[in-house]
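Biologist: Can you walk me through this one, sticking to what the coordinates give us? Let's put it on screen.

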Amino acid sequence: MALGWQVHGDGRQVGPGAVVAPDERLSWPRTIGIGMQHVVAMFGATFLVPILTGLPPATTLFFSAIGTALFLLITGNRLPSYLGSSFAFIAPIAAAQADGGTAVALGGVLVTGALLAVVGLLVQAVGARWIDVVMPPVVTGTIVALIGLNLAPVAWDNVQKAPVTAVATLFAVVLITVLFRGILGRLAILLGVLVGYAVAVLRGEVDFKAVKDAAWVGLPDFTAPVFDLSVLGLFVPVVFVLIAENVGHVKSVAAMTNRDLDSVMGRALFADGVATTLAGAGGGSGTTTYAENIGVMAATRVYSTAAYWVAAGTALLLSLSPKFGALIATIPQGVLGGATTVLYGMIGILGARIWVQNKVDFSDPVNLTTAAVALIIGIANYTWAVGDVTFEGIALGTAAAIGIYHLMRSVARWRGTSEEAASPASVPGGTELPDRRQDDRPDPAS
């Protein structure tokens with residue numbers, strides 16, 4: 001793997017219709033500036049996960065930086081990506097902490113990473129086609145949606161702690177999203193959190209004592225994991241989400257750079273698995289490729305991996321300041337309530353976007369039933385205890401989505417019942433159905 005980059009054009013600008021490829025770069029001052037933009041882009045989401053789960057923000061940032069560097073190395077410096085905190089871990093970490101504490105939750109994160117790494121090795125060996133077979137878009141979209149919707153009660157709990165601050169934060173996110181274009185619009189969550197934080201400070205909801213006591217320079221807090229089989233059922237479904245996120249990232253970058261990156265799909269999954277495993281081993285949250293940073297690449301048309309090395313280095317330096325970590329940890333629950341109302345809802349809608357982008361046919365009763373049952377299980381947080389192992393809504397919903405889909409599809413093919421007669425229940429809006437009131441009207445074409 002070569003860490004050198006060819007200078008794109010004159011190194012100062014990107015021509016119309018051109019992109020800076022992963023193995024190219026602009027001048028170093030411009031590359032450093034873009035790398036820092038990537039840090040800002042990932043900042044809000046990466047820090048929200050440890051704040052919501054009680055993990056040390058600086059530790060999560062530390063492993064995020066190390067994970068990004070490892071990702072670039074493992075993928076041969078061919079795939080630009082920042083590995084930030086995955087929202088798919090919020091619910092299982094919170095549940096595991098309630099049952100056994102932080103160390104037990106970290107054990108679950110580590111196991112999730114190890115499983116993802118194994119999947120990456122398998123994909124590298126035999127290809128990624130089997131992923132599409134096991135998890136077609138209706139299943140993938142359902143899993144992503146139920147994870148976001150399962151977290152709705154958590155957002156409401158935070159809102160209730162400080163309703164005024166929460167509403168101010170939510171209102172700021174909503175307005176910033178439509179007031180600004182480009183990078184500012186994409187940073188609506190982060191900027192909304194800053195507005196909410198200012199409101200919280202004015203209302204006396206922020207305690208700065210820990211910030212004053214913290215040192216300027218020092219290592220983050222590390223915590224060793226503890227393995228408990230009773231909580232592993234909470235984490236296994238996250239593997240499916242991480243697979244979908246990584247595969248989607250590879251395909252998105254390939255489309256935007258006009259390059260075939262299928263050969264690094266397995267490496268990407270393996271790299272994210274290694275990064276998540278390391279995070280779980282030391283006290284950080286699990287990682288994933290970040291859509292926020294794809295937004296920066298789309299806006300700048302710079303896909304240089306050099307910018308991500310800058311981002312990883314910048315994040316690493318920030319993680320080595322306990323005072324910075326302590327400042328992040330002061331974000332009050334009201335602010336989080338407003339931000340997560342948007343974020344958790346967005347995760348749910350991202351699942352729906354997967355359905356739309358892949359044109360999932362919900363007039364097919366197999367697709368309709370798969371999504372319907374799994375979503376209710378996830379939203380209501382069904383639970384099932386088997387000995388010492390407890391499976392909750394996300395795990396059961398994921399299992400239901402995969403199991404119901406393949407069971408129904410197999411039986412439908414055997415019985416020849418795949419097609420459902422059109423009805424108002426199966427056709428959105430009933431627009432594809434004939435309007436009986438107009439049956440007797442003359443045909444305009446006649």
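Modeller: Some vocabulary before we start: a residue is buried under 20% relative accessible area, exposed over 50% and partly exposed in between, with a 1.4 Å probe and protein chains only. This is a predicted model, so local features need pLDDT of at least 70 and side-chain atom pairs pLDDT 80 or more, while totals for chains, interfaces and linings use all residues. Residues count from 1 along each chain as its sequence is written, and side-chain values use heavy atoms, without hydrogens or water.

Biologist: Fine. How many salt bridges does a search of the whole structure find?

Modeller: The criterion is a side-chain nitrogen of Lys or Arg within 4 Å of a carboxyl oxygen of Asp or Glu. Among the hits is Asp 10 with Arg 12, at 3.6 Å from N to O. Over the whole structure, the number of salt bridges found is 5.

Biologist: In that Asp 10 pair, is Arg 12 buried or exposed?

Modeller: Its partner Asp 10 has 38% relative accessibility, so Asp 10 is partly exposed. Arg 12 has 52%, which makes Arg 12 exposed.

Biologist: Arg 259 and Asp 23 form a salt bridge too; how many residues apart in sequence are the parts that this pair ties together?

Modeller: Their closest N and O atoms are 3.2 Å apart. Arg 259 sits in the loop between α12 and α13 (265-282), and Asp 23 in the loop between β1 (6-7) and β2 (24-25), so the bridge ties together parts whose separation in residues is 236.

Biologist: How do you number those elements, and which helix holds both Asp 213 and Lys 209?

Modeller: They are DSSP runs numbered from the N terminus: helices are H or I with at least four residues, strands are E with at least two. Asp 213 and Lys 209 make a salt bridge, with 2.8 Å between the closest N and O atoms. An α-helix has 3.6 residues a turn, so residues three or four places apart point the same way. These two are 4 residues apart, about one turn, and both lie in residues 209-213, helix α11.

Biologist: Now α12: where does that helix bend?

Modeller: α12 covers residues 229-257, 29 residues in total, and reaches 43 Å from first to last C-alpha. That is close to the expected 42 Å, where expected means 1.5 Å times one less than the number of residues. The bend, taken as the angle between axes fitted to the seven residues ending at a position and the seven starting there, is about 25°. A proline, Pro 237, follows within four residues of the bend, which is at Phe 235.

Biologist: How do α4 and α12 lie relative to each other?

Modeller: Axes here are lines fitted to C-alpha atoms, for helices over the stretch in contact, and angles run from 0 to 180 degrees between N-to-C directions. Helix α4 (residues 102-126) crosses α12 at roughly 40°, with the axes coming within 9 Å. Under 35 degrees is roughly parallel, over 145 roughly antiparallel, 65 to 115 roughly perpendicular and the rest oblique. The two helices are therefore oblique.

Biologist: And at what angle do α2 and α13 pack?

Modeller: The axes of α2 (residues 57-74) and α13 are 9 Å apart. The pair is roughly antiparallel, the packing angle being about 155°.

Biologist: Is Leu 269 buried or exposed?

Modeller: Leu 269 belongs to α13, and its C-alpha is 7.0 Å from that of Val 119, although the two are 150 residues apart in sequence. Its relative accessibility is 0%, so Leu 269 is buried.

Biologist: How far apart in space are Trp 156 and Gly 337?

Modeller: Trp 156 is in helix α7 (residues 152-161) and is exposed because its relative accessibility is 51%. In sequence, Trp 156 and Gly 337 are 181 residues apart; C-alpha to C-alpha, they are separated by 6.6 Å.

Biologist: Last one, on backbone angles: what is the phi of Lys 359?

Modeller: Most residues other than glycine have a negative phi. Asn 381, in the loop between α18 and β5 (384-386), has a positive phi near 55°. Lys 359 lies in the loop between α17 (333-357) and α18 (365-380) and is exposed at 74%. Its phi is also positive, at about 55°.
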